[in-house]
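These notebook entries record what I looked up in one structure. I began with the strands and went on to rings, loops and enclosed spaces.

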Amino acid sequence: MARKATARQASAPGASSEDKATGFTPERFEKELQDLADKARSDTFSNRFLGQLNIYIRIVLLLAFLALYSHVSQLNLSPVYGSIPSSIWHTKLVMGGCFLGWAGNTFLRDSLPITPAKALPMVAVCIPGLQHFLAAYSQTFGAQWGPVVTESLTLLPLALFTSASVADYWEGARLGMLPNFVADAGPGIGSWALFKFFEGQVGVYLPRIMGRLLVFTRLGFEIILSVAYMAFSPSKYLIYAAFPFLHTIFLNTHLQSRAATQSLMSSLMTDNWLFIERRESVTGYISVVQSIEEGFRVMRCDHSLLGGEWISHRGGPVSEPVYGVFAMLEAVRLVESAAPVDDKDAKALVIGLGVGTTPSALVSHGINTTVVEMDPVVYEFASKYFDLKENNPPVLQDAVSYTGELATTAPLTYDYIVHDVFTGGAEPIDLFTLEFFQGLHSLLKPEGTVAINYAGDLTLPPPKVIYRTIKQVFPTCRIFREMPPDAESLKTKGMDFTNMVIFCKKSDSSPLSFRRPTTKDFLQSPARREFLGLPNEIPETAMLIGGDEGILRKNETAKLAKWHETSALGHWSLMRTSIPALVWEKW
């Protein structure tokens with residue numbers, strides 16, 4: 001009270017000119033006291049706690065958003081470049097963006113007209129349009145640099161602004177009670193660890209919901225994330241996000257809406273391609289397209305073909321495959337045995353469906369055939385568009401777990417096993433391990449035969465590793481390739497990418513031999529007349545030389561993963577010769 005009286009006296013008419021010059025008035029003094037009182041009342045434990053909680057929630061949300069976008073970005077690149085080429089530089093670009101944002105958050109905050117957090121929605125909403133635009137130049141960039149260019153202009157800026165925003169929020173966190181070294185290094189290390197945790201969890205759960213709803217698609221997730229960023233950091237600047245957002249909703253043909261699909265159909269029709277149907281599922285982006293000019297129909301998964309047929313040859317007992325390797329697999333019936341079995345008494349297990357060429361042929365011969373296929377959409381499309389023939393319900397689950405369980409409950413069940421899994425330029429490693437082949441060995445009858453389709457570059461170690469692994473389980477084998485070596489490709493690219501089939505039996509008591517195919521075996525099919533004779537055999541010695549890499553066991557899969565990049569890049573180039581770039585790019 002004495003202080004207030006003194007203040008009033010000082011501001012009275014007799015107050016000094018110095019007080020007046022400094023602007024010291026009773027009103028200002030009273031206001032300052034009121035502000036201090038209000039601040040004291042608001043600075044309670046609960047308000048401090050809520051303020052800190054808000055900071056941490058914002059940090060967690062931003063890291064979770066980036067973790068989800070990290071996966072979604074890869075999903076959007078895989079139909080154009082394939083999953084493996086898209087992943088080569090992915091982690092490095094994310095790390096680089098996060099480092100630059102963390103180190104330069106002060107510079108960004110001071111130099112930009114808006115904070116990094118308010119810039120995030122604009123970055124996120126522009127990504128789908130940039131991806132759509134850059135996909136049209138995939139043939140120019142190539143599989144090696146296309147993903148780098150795309151993610152450098154999309155995901156890297158998102159990581160940069162996310163990291164800068166997180167760093168800004170950490171500056172408001174009260175870390176005074178922590179040791180200095182923890183307060184200095186902890187936020188950065190903790191943020192990166194939390195991001196990697198979220199990224200790992202998204203990788204586990206995302207495939208389980210892909211394609212279930214329109215929003216659970218590649219572009220659907222990008223739209224969800226764009227809205228989430230706008231809700232997280234609303235501002236008047238969001239008006240600049242209106243055009244790219246509307247472009248994604250109405251003009252981006254990758255959106256699996258009815259209007260976007262109709263637009264895609266019209267676009268492809270002008271290039272003599274008929275777009276039939278598409279869906280996103282557990283193994284990737286699945287679609288069916290047909291060349292009007294050349295008269296064939298194919299099913300694709302991301303940037304690879306699962307198979308196809310010639311539409312002009314329809315009307316026979318089975319479809320006519322576009323790839324001879326699928327007809328070669330049917331030669332599993334032709335392997336000579338000490339105890340031959342009639343087709344009507346035989347049982348076959350087919351692992352991997354594709355468009356159903358091989359199982360349809362086995363069923364047409366009267367063989368009791370069971371198909372194991374992981375992707376339900378692949379099965380649905382094979383049934384709807386490729387005249388799939390069946391005499392048993394499909395097993396729609398993972399082949400590793402299914403055959404592992406079946407090997408213990410129903411051994412010695414099958415006369416024929418066909419191993420025909422999608423590779424996409426790199427083998428699904430779990431299906432080529434010693435342990436998996438041992439399970440197939442248990443399921444095969446003593447006089448049975450297994451046929452294994454493998455697509456790879458014979459100049460690289462993986463095919464030899466796979467063959468040596470198979471030989472550990474099945475002692476008697478022969479190898480046949482679909483086409484003779486391409487001397488020009490070997491000379492100019494150093495690449496010998498081919499489909500091959502490895503036929504094996506359980507016993508080594510006699511050589512593996514084939515009976516001559518008959519008219520009945522051909523099923524009125526020109527492709528079967530050409531390929532059932534297996535004209536292109538690979539000498540076994542060529543697959544056994546240079547055994548430094550050993551064999552493939554379940555816990556030693558890294559020895560093949562290191563070669564996946566080279567093989568997948570070669571496979572990408574091969575796919576671009578089979579189907580024009582525009583079909584891959586428009587997906």
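**Entry 1. Strand pairing.** I count two strands as paired if DSSP finds at least two bridges between them. The model I consulted is a predicted one. With that criterion I looked up β8 and β10, which pair in the antiparallel sense over nine bridges. For a single contact between them I noted T449, whose bridge partner in β10 is K505.

I then looked to the other partner of β8. β7 and β8 are joined by five bridges and run in the parallel sense. Within this pairing, H419 stands opposite I452 of β8.

Is β8 enclosed or open to the outside? I found 11 of its 14 residues buried, so β8 is largely enclosed by the rest of the structure.

**Entry 2. The β1 and β2 hairpin.** I turned next to β1, residues 273-281, and β2, residues 284-291; eight bridges join these strands, and they run antiparallel. The connection from β1 to β2 is a hairpin of two residues. I recorded S281 as standing opposite G284 in β2.

I also checked burial for β1. Seven of its nine residues are buried, so the strand is largely enclosed by the rest of the structure.

**Entry 3. Aromatic pairs.** How many aromatic pairs does a search of the whole structure find? I recorded 22. One of them is formed by Y323 and F326, an edge-to-face pair with 6.3 Å centre to centre and 70° between the planes. For burial I used the cut-off of under 20% relative accessible area. Y323 has 18% and is therefore buried. F326 has 10% and is likewise buried.

I looked up a further edge-to-face pair, F480 and F503, at 6.0 Å centre to centre with 70° between the planes. F480 belongs to β9 (residues 476-481) and F503 to β10 (residues 497-505), so this pair ties together parts that are 23 residues apart in sequence. Both F480 and F503 are buried.

**Entry 4. An aromatic cluster and charges over rings.** I noted one aromatic cluster formed by F65, Y169, Y229 and F232. F232 also has a charged neighbour: R58 lies over its face, at 4.7 Å from the ring centre. I recorded another such arrangement at W89, where K92 lies over the face of the ring at 5.4 Å from its centre.

**Entry 5. Positive phi in loops.** I looked up D387, which has a positive phi of about 55° although it is not a glycine. D387 is placed in the loop between α17 (376-385) and α18 (399-409). Its relative accessible area is 40%, so I list D387 as partly exposed.

L412 is a further residue other than glycine with a positive phi, near 55°. Where does L412 lie? I found L412 in the loop between α18 and β7. With 45% relative accessibility, L412 counts as partly exposed.

**Entry 6. The second largest pocket.** I recorded about 340 Å³ of space in the second largest pocket. Its lining has 18 residues, and those closest to the centre are R333, V335, P340, V341 and Y416. The elements that give two or more residues to this lining are β7 (414-419) and β8 (444-457). β8 supplies the largest share, four residues. I thus met β8 again, the strand that pairs with β7 in the parallel sense and with β10 in the antiparallel sense. By class, I noted seven nonpolar, three polar and eight charged residues in the lining of this pocket.

**Entry 7. Cavities.** How many cavities of 30 Å³ or more does the structure hold? I recorded six. The largest cavity has about 90 Å³ of space. Its lining consists of 15 residues, with N76, Q131, H132, A135 and H254 nearest the centre.

I then looked up which elements contribute to this lining. α4 (45-81), α8 (116-135) and α12 (218-232) each supply at least two residues. The largest share comes from α8, with five residues. By class, the lining of the largest cavity has eight nonpolar, six polar and one charged residues.

Notes:
Residues are numbered from 1 along each chain as its sequence is written. This is a predicted model: local features need pLDDT of at least 70, side-chain atom pairs count only at pLDDT 80 or more; totals for chains, interfaces and linings use all residues. Side-chain values use heavy atoms; hydrogens and water are left out. On a 1 Å grid over the protein atoms alone, a cavity is a set of points where a 1.4 Å probe fits but cannot get out, and a pocket is an open set with protein on both sides within 12 Å along at least five of seven lines; lining residues have an atom within 4 Å of a point. Grid points are joined across faces, edges and corners, and a volume is the space filled by probe spheres set on the points. Ala, Val, Leu, Ile, Met, Phe, Trp, Tyr, Cys and Pro count as nonpolar, Asp, Glu, Lys and Arg as charged, and the others, Gly among them, as polar. Buried means under 20% relative accessible area, exposed over 50%, partly exposed in between (1.4 Å probe, protein chains only). Rings of Phe, Tyr and Trp (its six-membered ring) pair if their centres lie within 6.5 Å; planes under 30 degrees apart count as stacked, over 60 as edge-to-face and the rest as tilted. A charge sits over a ring if NZ of Lys or CZ of Arg is within 6 Å of the ring centre and within 35 degrees of the ring normal.
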